[in-house]
Amino acid sequence: MSDTKRWMPYRSLSAQDFDKKNEEKPVEKPQISSEVAEKINYYLNNYQDKTLKIKYYKAGKIYELECQIKKIDKIEKTIKTTENKLINIKDLIDIDKAQ
């Protein structure tokens, strides 16, 4: 048996390790400006019957969701969307009207 055949499985394992290194690394939550905070506040107060593009941060990743807001819980400080996603208001990065 030659040495190359004997060590071949280890090469495939190193390829798997390489794939793990290329996974997305967690990002820090971006700071929002006062203008963006005012825009978020506007859409949270005027969300009825509007499809919105919501950008939010969760667990080291930034997500973007196009949906309607179903309910805002002011006590829990969360947003419930029509897709039954629950988003913390403090995790919002941006809200804009969907195209």
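What relative accessible area does Y42 have? The value is 44%, so Y42 counts as partly exposed. The legends below describe close-up views of a predicted model.

**Figure 1. Overview of the chain in the predicted model.** The chain holds two helices and five strands. Along the sequence, the order is α-α-β-β-β-β-β. Both helices therefore precede the strands in this pattern. The chain has 99 residues, and 22% of them count as buried. Its accessible surface is about 8,100 Å². Carbon and sulfur atoms account for 49% of that surface. Take the contacts between residues at least 6 apart in sequence: 49% of them join residues at least 24 apart.

**Figure 2. The largest nonpolar core has 15 residues.** Six members touch the most other members: L44, L52, I54, I69, L92 and I95. Four elements each give two or more residues to this core. They are helix 2 (34-45), strand 1 (51-58), strand 2 (61-73) and strand 5 (92-97). Strand 2 gives the most, with four residues.

**Figure 3. I95 and its contacts beyond the sequence neighbours.** I95 is among the core members that touch the most others. Neighbours within four places in sequence are left aside here. The remaining contacts of I95 include K39, I40, Y43 and L44. L52, K53 and I54 are also in contact with I95. Among these partners, L44, L52 and I54 appear with I95 in the list of core members that touch the most others. K39 returns in the next view, as a partner in salt bridges.

**Figure 4. K39, D94 and D96 form a network of salt bridges.** How many salt bridges does the structure hold? There are two. One joins D94 to K39, with the closest N and O atoms 3.1 Å apart. D94 belongs to strand 5 and K39 to helix 2, so this pair ties together parts 55 residues apart in sequence. The other joins the side chains of K39 and D96, at 3.7 Å from N to O. D96 lies in strand 5 and K39 in helix 2, so this pair ties together parts 57 residues apart in sequence. K39 is partly exposed, with a relative accessible area of 27%. D96 is also partly exposed, at 32%.

**Figure 5. D91 is buried but has no salt bridge.** Where is D91 found? D91 sits in the loop between strand 4 (86-88) and strand 5. The nearest side chain of opposite charge is K90, 4.2 Å away. A salt bridge needs nitrogen and oxygen within 4 Å, so the distance of 4.2 Å to K90 does not qualify. Beyond its neighbours within four places in sequence, D91 is in contact with K29, K55, Y56 and Y57.

**Figure 6. I62 in strand 2.** Is I62 buried, partly exposed or exposed? I62 is partly exposed, with a relative accessible area of 39%. I62 and E28 are 34 residues apart along the chain. Their C-alpha atoms are separated by 9.2 Å. With neighbours within four places in sequence left aside, I62 is in contact with V27, P30 and I93. K55, Y56 and Y57 are further contacts of I62. K55, Y56 and Y57 are also in contact with D91.

**Figure 7. Two aromatic pairs in the structure.** Such pairs are described by the distance of the ring centres and the angle of the planes. Y42 and Y43 form an edge-to-face pair. Their centres are 5.2 Å apart, with 75° between the planes. Y42 is partly exposed, at 44%. Y43 is buried, with a relative accessible area of 11%. In the other pair, the rings of Y56 and Y63 have centres 5.5 Å apart and planes at 25°, so the pair is stacked. Y56 counts as buried, at 7% relative accessibility. Y63 counts as partly exposed, at 35%. Each pair thus joins a buried ring residue to a partly exposed one: Y43 with Y42, and Y56 with Y63.

How values were computed: Residues numbered from 1 in each chain as written. Predicted model: local features only at pLDDT ≥ 70, side-chain atom pairs only at ≥ 80, totals over all residues. Heavy atoms only, no water. Core = buried A, V, L, I, M, F, W, Y, C linked by side-chain atoms within 4.5 Å. Buried < 20%, exposed > 50% of the residue type's maximum accessible area, 1.4 Å probe, protein only. Contact = heavy atoms within 4.5 Å. Areas by Shrake-Rupley, 256 points an atom, 1.4 Å probe, with all protein chains shown as cover. Lys, Arg positive; Asp, Glu negative; His and termini not counted. Phe/Tyr/Trp six-rings, centres within 6.5 Å; stacked < 30°, edge-to-face > 60°.
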